[in-house]
Amino acid sequence: MSVDTPRRIVLLRHAKADWPQVSDHDRPLADRGRTDAPVAGRRLADTGIALDLTLCSTAVRTRETWKLAVQELPHRPRTVYEERLYEASLGELLALLNETPDDVDNLLLVGHNPGMHALADALAGEAEGDVLPRMNRSGFPTAAFAVVTFTGSWKTVEHGVGRLTDFWAPHA
């Protein structure tokens with residue numbers, strides 16, 4: 001792989017979760033989440049990004065979101081359920097990105113806030129048009145996703161390395 005290989009990181013926050021009497025990790029999607037997740041999948045398919053790898057939190061709501069969203073994609077990427085995505089700090093998320101193999105060009109993370117928003121904001125040294133203010137105004141709601149592009153090896157991913165090219169939220 002060349003050092004100028006273009007890459008994309010898609011950050012998808014889980015869809016709306018319910019609040020039953022279970023542990024936070026075991027919270028399932030609410031009805032609205034089960035409606036929004038496939039919509040997010042269709043919108044992600046519309047971007048034309050051919051995902052190579054998905055890292056998905058092991059929480060029930062993220063796994064359910066991914067199961068519904070991926071059905072809308074034209075190609076099912078390899079999926080790894082990653083415990084470290086649950087309650088991950090910004091530093092932990094950056095470390096996960098740095099571990100991504102360089103044969104992956106387009107990576108999807110299915111995770112939680114505040115991590116997804118913090119990571120998109122931290123990576124975005126630049127942004128197209130009004131994408132960054134729209135993302136920040138929205139607060140990165142459930143089932144939203146951001147797309148960050150960068151060039152180079154995954155080992156070089158750090159603050160400000162990318163360009164925020166897209167942000168979408170189902171009710172924004």
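## A walk through the predicted model

Let's start with Thr54, which sits in strand β2, residues 53–57. Keep in mind that this is a predicted model. Thr54 has 0% relative accessibility, so it counts as buried. Who does Thr54 contact, leaving aside its neighbours within four places in sequence? The list is Trp66, Pro77, Arg78, Thr79, Val80, Leu108 and Val110.

Strand β2 also has a partner: it pairs with strand β3 (residues 78–82) in the parallel sense, over five bridges. Within this pairing, Leu53 stands opposite Arg78 of β3. To get from β2 to β3, the chain passes through helix α2 (residues 60–70), and this β-α-β crossover is right-handed.

Now for the nonpolar cores. The largest one has 30 residues, and Leu97, Leu109 and Phe140 are the members that touch the most others. Elements giving two or more residues to this core include β1 (6–13), β2, α3 (90–98) and β4 (106–111). Helices α4 (115–123) and α5 (131–138) are on that list too, along with strands β6 (145–151) and β7 (162–168). There's also a second, separate core of 20 residues, with Leu51, Cys56, Leu108 and Phe145 among them.

Phe140 deserves its own look. Not counting residues up to four places away in sequence, Phe140 touches Leu11, Arg13, Asn113, Met116 and His117, among others. Its remaining contacts are Ala120, Met135, Phe145, Ala146 and Phe167.

Next up is helix α1, residues 31–46. With 16 residues at 1.5 Å a residue, α1 should span 22 Å; its end C-alpha atoms are 24 Å apart, so the two values agree. Which residues of α1 are buried? They are Gly33, Asp36, Ala37, Pro38, Ala40, Gly41 and Leu44. These buried residues pack against β1, α2, β4, β6 and β7. Just after α1 comes Gly48, with a positive phi of about 80°.

Finally, the aromatics: the model has three aromatic pairs. One of them joins Phe150 and Trp154, with the rings edge-to-face at 5.0 Å centre to centre and 75° between the planes. Are these two rings' residues buried or exposed? Phe150 counts as buried because its relative accessibility is 4%, and Trp154 counts as buried because its value is 0%.

Here are the accessibility values side by side:

| Residue | Relative accessibility | Status |
|---|---|---|
| Thr54 | 0% | buried |
| Phe150 | 4% | buried |
| Trp154 | 0% | buried |

Conventions: Residues numbered from 1 in each chain as written. Predicted model: local features only at pLDDT ≥ 70, side-chain atom pairs only at ≥ 80, totals over all residues. Heavy atoms only, no water. Helix = DSSP H or I, 4+ residues; strand = E, 2+ residues; numbered from the N terminus. Buried < 20%, exposed > 50% of the residue type's maximum accessible area, 1.4 Å probe, protein only. Contact = heavy atoms within 4.5 Å. Core = buried A, V, L, I, M, F, W, Y, C linked by side-chain atoms within 4.5 Å. Pairing = 2+ DSSP bridges. Right-handed = clockwise from strand over helix to strand, strands pointing away. Expected span 1.5 Å × (residues − 1). Phe/Tyr/Trp six-rings, centres within 6.5 Å; stacked < 30°, edge-to-face > 60°.
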